[in-house]
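Colleague: I've just opened this one and don't know my way around yet. Could you walk me through it?

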Amino acid sequence: MPRATFRITRGRGESASFKDYATDVSEGMVVLDAVHQVQAESAPDLACRWNCKAGKCGSCSAEINGKPRLMCMTRLSDLDLSMPVIIEPLRAFPHVKDLVTDVSWNFRVKKRIKPFKPRRPDAPDGTWRMQQSDVDRVQEFRKCIECFLCQDVCHVLRDHHKHEEFAGPRHFVYAAALEMHPLDTENRAGDLRGKDGIGYCNITKCCTKVCPEHITITDNAIIPLKERVVDEFYDPLTRLFRIFKPRKPDGGA
Amino acid sequence: MSGSDLQLPQLRGLGKTSRTDAWWLQPGAILLGLTAFIVYTTWAALQGQNYFYDGGGAHYLSPFYSPLLFGQENEPRVFAATHPSWWPAWLPFSPAMLILIGPAGMRFTCYYYRGAYYKAFWGDPPACAVGEPGFRGRRYRGERKFPLVMQNAHRYFFYPAAIFVLILSYDAFKAMWFTRADASGSEFGIGVGSLVLAANAILLGGYTFGCHCARHLVGGGRDTLSDAPVRRSCYTCVSWLNRKHMAWAWVSLIWVALTDVYVRLLCAGVITDFRII
Ligand code: SF4
Ligand code: SF4
Ligand code: FES
Ligand code: FES
């Protein structure tokens with residue numbers, strides 16, 4: 001059986017370093033299998049997070065050969081095994097140990113996005129009517145598994161540490177799902193421009209490239225939201241029109 | 001708010017990454033491609049000649065010079081003058097200078113090109129998951145503050161760009177009419193140049209009408225389109241073009257330069273136009 005070497009981050013924070021582990025590999029294995037094998041054979045204290053092994057829980061995010069990916073969805077047959085396979089924790093979040101990072105910052109950011117606020121029910125029984133075609137647009141955004149790979153790769157967080165002023169692509173996808181929903185009446189443009197810092201995004205599309213759910217984050221969520229922010233805050237013509245035809249109430253910055 | 005207390009890993013320096021693939025290839029190719037285009041366009045725009053070919057009765061106008069506001073008498077100029085009266089005498093004049101600002105602004109503020117040149121020219125980031133120059137670090141401002149906040153004006157370049165597509169389509173139409181040898185009017189015909197100009201108009205149309213601002217304006221800005229069938233069809237079409245916006249951007253960029261090259265070579269007598277019909 002062929003062997004391959006896995007170069008895995010061990011330790012905590014600044015004192016962490018790489019350690020090489022060789023293990024047997026066989027057909028059909030994914031990176032997470034190899035990590036589990038290393039755990040079983042030579043490093044029982046190796047910390048890694050996983051849950052479904054089916055690309056659906058978003059727990060096993062890591063950086064494999066420098067690219068943010070799900071360990072359970074990265075096949076060994078797609079990697080060059082003649083060189084050590086590098087496995088590192090996400091870089092945009094605080095390191096806990098080995099391959100585990102603390103992603104709880106994301107949950108705090110999510111809470112501050114204004115929740116879904118539907119219009120008054122359309123029927124006396126408290127239900128709504130909407131067209132499938134209108135709600136189709138946001139379906140894509142609802143596929144998100146909160147793996148935070150997009151957050152990890154985004155240079156605004158990764159290289160500029162703007163965690164206090166920038167919500168990140170995952171939360172723009174979330175905001176887009178609410179904002180573009182046909183029943184929603186909330187206005188998030190002010191928040192997006194203000195505390196969510198959508199202007200920090202320079203549309204370099206790294207988030208879209210790494211999304212395991214293939215959500216077209218930049219083109220379908222971020223740019224349309226940026227355009228809505230332009231409508232509200234930068235375009236003198238749309239601002240003028242709004243004087244005559246008020247739209248949704250402004251959420252405020 | 002959250003975040004300030006986060007213990008984050010140290011920033012990586014410029015070009016530092018664990019990526020093992022040739023991550024520099026794409027930004028490198030974009031850097032070379034865009035630089036080559038800018039250099040050629042500037043050179044061609046400053047020439048002020050060899051932009052209109054009327055050999056064999058043809059009407060081929062280089063897209064860099066269209067609409068031709070000022071020009072020679074035999075050329076399809078808009079005003080009856082070779083240059084504007086207010087143009088300072090010490091400054092060399094070329095008709096292309098007045099109009100290139102429109103398409104240049106459209107491309108400069110285009111969402112696709114922005115992302116591409118921020119990476120290739122600014123290294124912001126050099127490529128995904130690759131370290132940035134250390135001086136920027138936390139001082140990064142993105143498109144939040146001046147000057148880059150001005151990119152939000154992109155839609156104001158889209159409006160004139162849409163008109164440019166109409167003008168270039170008209171040029172392509174004119175390129176299908178040839179003055180008869182005895183000067184008794186014109187006849188329909190197709191030369192290689194007619195096809196080159198027609199392809200140019202189509203490609204620029206595909207690029208321009210796949211613009212993210214167009215998508216927003218025709219319907220993307222609304223949450224419901226089922227009640228507006230015309231808008232909905234427009235939105236579907238624009239979204240279809242938008243999906244391949246990057247491809248349209250590159251093919252139209254290369255083609256517009258080649259169209260100028262073609263007309264220029266015809267005018268200079270280096271090649272001859274082949275008349276198909
Ligand atoms: S497109 Fe914007 S949000 Fe996505 S990775 Fe780039 S800067 Fe971050
Ligand atoms: S948008 Fe994609 S990459 Fe980002 S958290 Fe959701 S599934 Fe993961
Ligand atoms: S283990 Fe659930 S996504 Fe990988
Ligand atoms: S987004 Fe590319 S032209 Fe508008």
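What follows is a short chat about the chains, the domains and the ligand sites.

Modeller: Sure, and keep in mind that this is a predicted model. Ask away.

Colleague: How many helices and strands does chain A have?

Modeller: Chain A has 253 residues, and 47% of them count as buried. Its C-alpha atoms fill a box of roughly 70 × 40 × 25 Å along the principal axes. As for secondary structure, chain A comes to 10 helices and seven strands.

Colleague: Among contacts in chain A with a separation of 6 or more, what share joins residues 24 or more positions apart?

Modeller: Here we leave out pairs that sit under 6 positions from each other in chain A and ask how many of the rest reach 24 or more. That share is 64%.

Colleague: Where do the domains of chain A lie, and how far apart are their C-alpha centres?

Modeller: The domain assignment puts domain 1 of chain A at 3–101 and domain 2 at 104–244. The distance between their C-alpha centres is 31 Å.

Colleague: Which element gives the largest share of the side of domain 1 that touches domain 2 in chain A?

Modeller: In chain A, 13 residues of domain 1 are in contact with 13 residues of domain 2. The domain 1 side holds seven nonpolar, three polar and three charged residues. Its largest share is three residues, and they come from β4(A).

Colleague: On to the partner chain. In what order do the elements of chain B run from the N terminus?

Modeller: Chain B has 277 residues, 34% of them buried, and its C-alpha trace spans about 85 × 55 × 45 Å along the principal axes. There are nine helices and four strands to place. From the N terminus on, the order is α-β-β-α-α-α-α-β-β-α-α-α-α.

Colleague: Which element supplies the largest share of the side of chain A that touches chain B?

Modeller: Across this interface, 49 residues of chain A are in contact with 43 residues of chain B. Elements of chain A that each supply at least two residues include β4 (67–70), β5 (85–88), α2 (104–111) and α3 (132–139). The largest share is eight residues, from α9(A).

Colleague: What classes of residue make up that side of chain A?

Modeller: No need to guess from the picture, as the side of chain A that touches chain B can be split by class. The split is 18 nonpolar, 15 polar and 16 charged.

Colleague: Now ligand 1. Which residues come nearest to it?

Modeller: There are 14 residues around ligand 1, and they divide into nine nonpolar, four polar and one charged. In chain A, α5 (155–158), α8 (206–210) and α9 (217–234) each give two or more residues to this shell. Nearest of the 14 are Cys154(A), Pro169(A), Cys201(A), Cys206(A) and Cys207(A).

Colleague: And which element gives the largest share of the shell around ligand 2?

Modeller: Of the 16 residues around ligand 2, Cys144(A), Cys147(A), Cys150(A), Arg170(A) and Cys211(A) come nearest. Two elements of chain A give two or more residues to this shell, α4 (149–153) and α6 (169–179). The largest share, three residues, comes from α6(A).

Colleague: How many charged residues does the shell around ligand 2 have?

Modeller: By class, the shell around ligand 2 has 13 nonpolar residues and no polar ones. The charged residues number three.

Conventions
Residues numbered from 1 in each chain as written. Chains lettered and ligands numbered in written order. Predicted model: local features only at pLDDT ≥ 70, side-chain atom pairs only at ≥ 80, totals over all residues. Near = placed C-beta within 6 Å. Nonpolar A, V, L, I, M, F, W, Y, C, P; charged D, E, K, R; others polar. Contact = placed C-beta atoms within 7 Å. Buried ≥ 20, exposed ≤ 12 C-beta atoms within 10 Å, placed from the backbone. Domains from an automatic or database assignment.
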